[in-house]
Amino acid sequence: MKRQVLACVFVLTGLLLAQAQPEGENRRWALYGGAGSSFQTISHNDYPGSVKQSGIGWSLHAEYYLPDEPFSIKAGYSCEKLTLWDENVGTSLNQLNLGGRWYMLPSHYLVQPFAGVDAFIHMGSLNEQGIFESWVYRGSEWVKDYENSYSIRAPRFSVAPVIGLDVYLFSCMALQLGYGYSIGLDSHFDVYVRNCQANRDYVIRSKGNRHVMSIGLKLNFPFRFSESDTNNLIDWILGL
């Protein structure tokens, strides 16, 4: 019974939206929200063990499609957490971004590959420094295991070539998969590690460049829900 009620609600909604927007009306602009992960590229590392270099982030942006052209411009906001060595060494980038996209296929294709470039400006502080230690319990006492210090200069500006796919679930809604390589300008992450037990020193460095992978949801406007979208949604609900 619940499935039939849901189906009726979606049918009525779909019919109203289909009447509000002509079936063939072109997209004009879009809203996107998503999350992702980043991996810093290490420029120097003489530490023999594994080094944490991943981070997480999220982004929101609006996109405007140029009329009768396969290009668009986008602007928005993103937050990105960068770490190196471990969770104690990191910084958050609060960034405004501006970019462009080139869509390689006509807009009626359900899979839309794209390429483009993004520019970012970080709105927060740039320089961070710190010292932290790690201790272990050995025998009957606590002993210092590692002594670490770090110096970070976050990138004020970053640029990133990007590629990706919009996979349309409905006429107005797409799942977006993206990859970019962000180049941090005038940036560095320097970590100095001292192994107190072995009396050894190590250095790990990064220039703030990172691989960024993202996934998100994109809504095109004018928002329209076609008759075929309605039928597909009904079939999916009834098949649950």
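What follows is an informal chat about a predicted model.

Biologist: Let's start with the strands. How many bridges join β2 to β3?

Modeller: Nine, and the two strands run antiparallel. Strand β2 covers residues 54-65 and β3 covers residues 71-84. To find your way along the pair, look at A62, whose bridge partner in β3 is A75.

Biologist: What sits between β2 and β3?

Modeller: They form a hairpin with five residues between them. D68 is in that turn, and its phi is positive, at about 60°.

Biologist: Is D68 buried or exposed?

Modeller: D68 counts as exposed because its relative accessibility is 76%. Its positive phi is found in a residue other than glycine.

Biologist: Where else is there a positive phi like that?

Modeller: N199 is one place, with phi near 55°, and again the residue is not glycine. N199 lies in the loop between β10 and β11. With a relative accessible area of 51%, N199 is exposed.

Biologist: Back to the strands. Which way do β3 and β4 run, parallel or antiparallel?

Modeller: Antiparallel, with 14 bridges joining them. Strand β4 takes in residues 86-103. One pairing to look for is F71 with its bridge partner W102 in β4.

Biologist: And how many residues are between β3 and β4 in their hairpin?

Modeller: One residue. W85 in that turn has a positive phi of about 80°.

Biologist: OK, the inside now. Which residues have the most contacts inside the largest nonpolar core?

Modeller: Y47, W85, V89, V191, V193 and I204, in a core of 17 residues. So W85, the turn residue between β3 and β4, is on that list too.

Biologist: Which strands supply at least two residues of this core each?

Modeller: β3, β4, β7 (141-153), β10 (188-195) and β11 (200-221) each do.

Biologist: Pick V193. What does V193 touch?

Modeller: Leaving out residues up to four places away in sequence, V193 touches W85, Y146, E147, N148, R200, D201, Y202 and I204. W85 and I204 are also on the list of residues with the most contacts in the core.

Biologist: What about a second core?

Modeller: There is a separate one of six residues, including A30, F114, Y168 and A174.

Biologist: Cysteines next. How many disulfides does the count come to?

Modeller: Zero.

Biologist: And C79 and C172, what are their relative accessibilities?

Modeller: C79 has 19% and counts as buried, since the cut-off is under 20%. C172 counts as buried at 1%.

Biologist: Charges, then. How many salt bridges does the structure hold?

Modeller: Ten. In one of them, the side chains of E147 and K144 meet at 3.0 Å, N to O. E147 is partly exposed at 31% relative accessibility, and K144 is partly exposed with a relative accessible area of 23%.

Biologist: What does D186 form a salt bridge with?

Modeller: With R153, where the closest N and O atoms are 3.3 Å apart. D186 lies in the loop between β9 (173-184) and β10 while R153 is in strand β7, so the pair ties together parts that are 33 residues apart in sequence. D186 counts as exposed at 60% relative accessibility, whereas R153 is partly exposed at 24%.

Biologist: And R194, what is its salt bridge partner?

Modeller: D201, with the closest N and O atoms 2.9 Å apart. R194 is partly exposed, at a relative accessible area of 29%. You met D201 earlier, among the residues that V193 touches.

Biologist: Which residues are linked in a network of salt bridges?

Modeller: E63, D166 and K218 are.

Biologist: Switching again: where does N97 lie, and is N97 buried or exposed?

Modeller: N97 lies in strand β4. It is buried, with a relative accessible area of 8%.

Biologist: Which side chain does N97 make a polar contact with?

Modeller: The side chain of K74, at 3.1 Å. Not counting residues up to four places away in sequence, N97 touches K74, A75, G76, Y77, S78, A119 and F120. A75 is the residue that A62 pairs with.

Biologist: Last one. Which peptide bond is cis?

Modeller: The one from F221 to P222, with omega near 0°. P222 is placed in the loop between β11 and α2 (227-238).

Definitions and conventions. Residues numbered from 1 in each chain as written. Predicted model: local features only at pLDDT ≥ 70, side-chain atom pairs only at ≥ 80, totals over all residues. Heavy atoms only, no water. Pairing = 2+ DSSP bridges. Helix = DSSP H or I, 4+ residues; strand = E, 2+ residues; numbered from the N terminus. Core = buried A, V, L, I, M, F, W, Y, C linked by side-chain atoms within 4.5 Å. Buried < 20%, exposed > 50% of the residue type's maximum accessible area, 1.4 Å probe, protein only. Contact = heavy atoms within 4.5 Å. Disulfide = S-S within 2.5 Å. Salt bridge = Lys/Arg side-chain N within 4 Å of Asp/Glu carboxyl O. Polar contact = N/O pair within 3.5 Å; in protein donor to acceptor, adjacent residues only side chain to side chain.
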